[in-house]
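Work through the exercises below with the sequence and the structure at hand. Each task is followed by a solution in steps.

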Amino acid sequence: MKSLAQLEQLKKEMREVLKIRDGVASGPWNYHVMVCGGAGCISSNCRDIVTALKAELAAKGLEKEVKVVLTGCMGPCDMGPVMIVYPEGTFYRRVKPKDAATIVEEHLANGTPVRRLLYRAPGSTEPIPKYSDIDFFKKQHKVVLRNMLYIDPLLIEDYISRDGYGALGKALTQMKPEEVIATVKAAGLRGRGGAGFPSGMKWEFTAKATGSPKYVVCNADEGDPGAFMDRSVLEGDPHSIIEGMTICGYAIGAERGYVYIRAEYPLAIERLEAAIARAREFGFLGQDIFGTGFNFDIEIRIGAGAFVCGEETALLTSIEGRRGEPRPRPPFPANAGLFGKPTVINNVETWANIAPIILNGSEWFASIGTEKSKGTKVFALAGRVNNTGLVEVPMGTTVREIVFDIGGGIPRKKAFKAVQTGGPSGGCIPAEHLDVPVDYDSLGQLGAIMGSGGMIVMDEDTCMVDIAKFFLDFVVDESCGKCSPCRIGTKRALETLERIANGNGKEGDIELLLELCSTIKQTALCGLGQTAPNPVLSTIRYFRHEYEDHIKEHKCQASVCEFKAAEE
Amino acid sequence: MVACGCKCETTEQAQLIEQLDRIIDEYRGQPRGLIQVLHKAQELVGYCPKWVQVRVAEGLGVSLQEVYGVVTFYALFSLIPKGRHKISVCAGTACYVKGTKMVVKAIRQHLGIKPGQTTEDSRFSLETVRCIGACGLAPAMIIGKDVHGRLEPEQIPEILEQYQ
C-alpha cells in the first residue's frame with residue numbers, strides 16, 4: 001500500500017461487495033451467512049455447520065448466490081452455535097449440522113426464516129428474528145468488538161472494508177507523531193489490562209525517553225481465570241491489534257513490536273500469524289509504509305504457562321527468554337523495558353481501541369463512558385448467569401444492567417449473591433451494590449477492581465470462603481517465589497482459609513487473615529502479590545458472616561465445604 | 001549418523017538429535033530464543049529430558065542451570081513423559097463455580113489417576129489447568145485438541161472411551 005488514495009479505492013470496492021452485511025442487498029449475493037467461529041461455538045462443532053451449509057448450497061446450485069463466512073466471536077456463547085443471515089440480520093441459535101438442509105431450503109432458497117431456530121426471550125414463546133432487536137445485542141455498545149459480526153477474520157479485505165488501516169493511513173500521512181499521542185491522551189483511554197493507567201501518558205513517556213531502539217509490546221497473556229476477551233479479539237479481529245501497535249510505533253519512534261500470547265490459545269496464535277503475513281503483503285507492515293519512509297514489523301512470542309507473565313515486567317523478562325520473574329519498578333518500561341530499552345506495553349483490548357480513536361477523534365471517544373473512565377469495556381460474562389458470553393458496554397453501565405438485562409439473570413430462579421471481577425486480583429460486588437456503575441474508580445471503592453474483564457456471576461449455591469480459597473490457591477500456585485511476602489504470605493493465608501473451610505477454624509482466624517493480607521498488600525514486589533489478598537479481603541468485607549458460620553457453627557450455607565475432624 | 005558426542009543407542013535417537021539441532025540452529029548463540037526453542041523441542045521429543053536441555057544450553061550459549069530454571073518455571077514444560085492423550089480439566093473460575101471438582105472426581109474414579117499423573121499404559125495423563133477461555137461452556141476440559149464442554153459426571157466414561 002503506497003498511498004491513502006490507494007487504500008480508499010480498495011475500501012470503496014470492498015464496501016460495494018460487502019454492503020449486504022449492512023442490510024443493503026447488493027451485487028451477485030442474495031445472502032451472506034455469518035457463522036460464529038468463537039471458541040465456544042467451535043467447541044460445539046460450528047465448523048461442521050459451515051461444511052453442511054456449503055454442501056447443501058452446492059447441491060441446490062446456490063453457491064454463487066449465498067456466501068458462508070466463519071466469523072470471530074459474536075458473543076452469546078451460551079446460545080451457540082449461533083449464526084446471522086444478512087441482509088436482514090436474522091439470528092439463529094443452537095444450530096446443528098442437520099439444520100443446514102432446512103435453512104437452505106426454507107430460508108436461503110425461498111426467503112422464509114426457520115421459525116424454530118429463532119431466539120426467544122426467557123419466558124416468552126414469541127420469536128425475535130433480528131439480532132438487533134434482542135436485548136443481549138441491543139444494550140451493548142461495540143467499539144473494540146466493532147467488526148465481530150461483520151468480517152471474516154482471515155480476510156484483510158473484509159477488515160479494510162470496515163475502515164481497516166484507515167487510521168494508520170491517517171496517522172502516517174496527515175498527523176505528526178506528537179499529534180497522535182495528543183489524540184490518545186485527549187481521548188482519555190486507560191489501560192484495559194486492569195490497572196487503568198492512562199495510555200497516552202505511557203506513550204508520551206516512552207517517546208520522550210532516551211535510548212534506542214524503542215519497542216512496542218502487546219500483552220496477550222490473558223491469564224485471569226474466567227476471562228476470554230483478548231482471546232476473542234485476537235481470533236476475531238487480529239488486524240485491529242496490528243493497526244493499533246503500528247500507529248504507536250509511529251508515535252513513539254519504534255520499528256519493532258512483539259505480541260506475547262499464551263500458548264493455551266493456539267487458534268489466536270494461528271490467526272494473528274496469518275494476519276501479520278497478510279499485513280506484510282499489503283505493505284501495512286514492513287518497509288516504507290504508505291510511502292512515508294516509516295518502517296515497522298511485528299513478531300509473536302509464545303508464553304509457556306506462567307500467570308505471573310501477565311505482569312508487565314515479568315512479561316518483558318519472558319520475551320527475553322528467561323524465567324518470567326518481575327522486576328521492581330521504577331524504572332518503568334517506558335524508560336527501561338524490553339532489553340532495557342524504552343517500551344510501550346499495552347494489553348490487547350487497549351490496542352483494539354487505538355484505530356477508532358485516531359479515525360473518529362478524541363472527542364468522539366471521550367463522549368462515551370463516565371468522567372474519569374472513557375470509552376467501553378469488554379466483559380467475559382460467565383458463571384451462574386443465563387447468557388454467558390462476551391459483552392461490550394459503555395463505562396458506567398451498572399452491574400445490574402450487565403447481569404440482568406444483557407446477561408438475562410440467574411438460571412433456575414436461584415438468588416443472586418455476587419459478581420466477581422478482576423480474577424485473582426479482584427474482588428466481589430454483592431447484591432446491595434448491584435447498581436454501582438462499572439468504572440475504574442467506583443469498583444475500586446468497593447474493594448473490587450475493573451481488572452481485565454472477567455465477570456463471574458455467583459448465586460446462593462456458591463460459598464464465599466470456598467471462592468476466596470480458590471483464588472488464593474491459584475496465587476500460591478502461580479507465585480514466582482521471588483519475594484517472600486507473596487511466596488510465604490499467601491501460603492500461610494491459604495492454610496488459614498483451608499482450616500476454616502475444613503471446619504477447624506479458630507477464634508481470631510479472620511483477624512489473622514486481615515493482618516496477613518494487609519502486610520502482603522504493602523510489601524509484595526509486583527502487582528500479582530500486591531493484589532493477591534483482594535479476593536480474601538473483599539469476601540471478608542461483604543460476607544464475614546459466612547466465615548463466622550464456618551468457624552463457630554461449622555456450617556457452610558451453600559453446602560460446598562466438607563468439614564473434617566481436626567487432625568491431631 | 002551425526003557426530004553428536006553422546007552414545008546414541010538407535011538411529012531413531014540420532015535422527016531426533018539431528019532434528020533438534022535444526023530447531024536450535026534458528027537461534028544458535030542467542031539466549032533470547034530459549035523459550036521458543038524449548039517449545040519446539042518439547043513438541044518434537046514430547047517432553048524436556050536432560051539430554052535435550054544439555055543440547056539446547058550448548059547451542060544457545062546459556063548455562064544448563066538456566067535452561068533447567070526456565071523448564072521448571074513454566075508449567076507447559078515437562079520433565080517427565082506424558083500420556084498419548086493429555087486431559088486438561090479447566091479449573092478457571094467459571095468452571096470451578098460450575099463443578100471442576102466433580103469432573104476431576106469422575107475422571108479419577110474412571111482412570112485411577114490424580115492430576116499430575118499418567119496412567120500405567122501411557123494412554124492418558126491428567127492435569128488441571130488455569131482457564132482455557134471456554135467459560136461459556138463451563139465446566140469444560142480439553143483432551144488432545146478437542147474441547148468438551150457442559151460436562152456432567154456421567155458423560156465422562158463415554159468421552160474417555162473415544163480416546164484409545
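**Exercise 1. A pair within one helix**

Task: Arg492(A) has a relative accessible area of 42%; is this residue buried, partly exposed or exposed? Find its salt-bridge partner and place both in the secondary structure.

Solution. The model is a predicted one. Buried requires under 20% and exposed requires over 50%. With 42%, Arg492(A) is therefore partly exposed. Its side chain meets that of Glu495(A) in a salt bridge, with 3.0 Å from N to O. Glu495(A), at 33%, is partly exposed. Both residues belong to helix H19 of chain A (residues 484–501), where they sit three residues apart, about one turn of the helix.

A further step concerns shared partners. Arg15(A), Asp22(A) and Arg162(A) are joined into one network by salt bridges that share partners.

**Exercise 2. A pair between a loop and a strand**

Task: Which residue forms a salt bridge with Arg384(A), and how far apart are the closest N and O atoms? Then assign each partner to an accessibility class.

Solution. The partner is Asp459(A), and the closest N and O atoms are 3.7 Å apart. Arg384(A) lies in the loop between strand E12 (376–383) and strand E13 (389–394) of chain A, while Asp459(A) lies in strand E16 (residues 454–459) of chain A. The two are 75 residues apart, and the pair links distant parts of the chain. For the classes, the cut-off for buried is under 20%. Arg384(A) has a relative accessible area of 19% and is therefore buried. Asp459(A), at 2%, also counts as buried.

**Exercise 3. A pair between a helix and a loop**

Task: Where in chain A do Asp405(A) and Lys139(A) lie, and how many residues apart are they in sequence?

Solution. Start with the contact: Asp405(A) and Lys139(A) form a salt bridge whose closest N and O atoms are 3.6 Å apart. Asp405(A) is in helix H16 (residues 399–406), and Lys139(A) is in the loop between helix H5 (135–138) and helix H6 (156–161), so the salt bridge ties together parts of chain A that are 266 residues apart in sequence. Asp405(A), at 30% relative accessibility, is partly exposed. Lys139(A) is partly exposed at 38%. Over all chains, the count of salt bridges comes to 42.

**Exercise 4. The domains of chain B**

Task: Which domains does the domain assignment give for chain B? State the distance between their C-alpha centres.

Solution. The domain assignment gives domain 1 (11–73) and domain 2 (85–161). The C-alpha centres of domain 1 and domain 2 of chain B are 30 Å apart.

Notes: Residues are numbered from 1 along each chain as its sequence is written. Chains are lettered from A and ligands numbered from 1 in the order in which they are written. This is a predicted model: local features need pLDDT of at least 70, side-chain atom pairs count only at pLDDT 80 or more; totals for chains, interfaces and linings use all residues. Side-chain values use heavy atoms; hydrogens and water are left out. A salt bridge is a side-chain nitrogen of Lys or Arg within 4 Å of a carboxyl oxygen of Asp or Glu. Helices (H or I, at least four residues) and strands (E, at least two) are DSSP runs, numbered from the N terminus. Buried means under 20% relative accessible area, exposed over 50%, partly exposed in between (1.4 Å probe, protein chains only). Domain bounds come from an automatic or database domain assignment.
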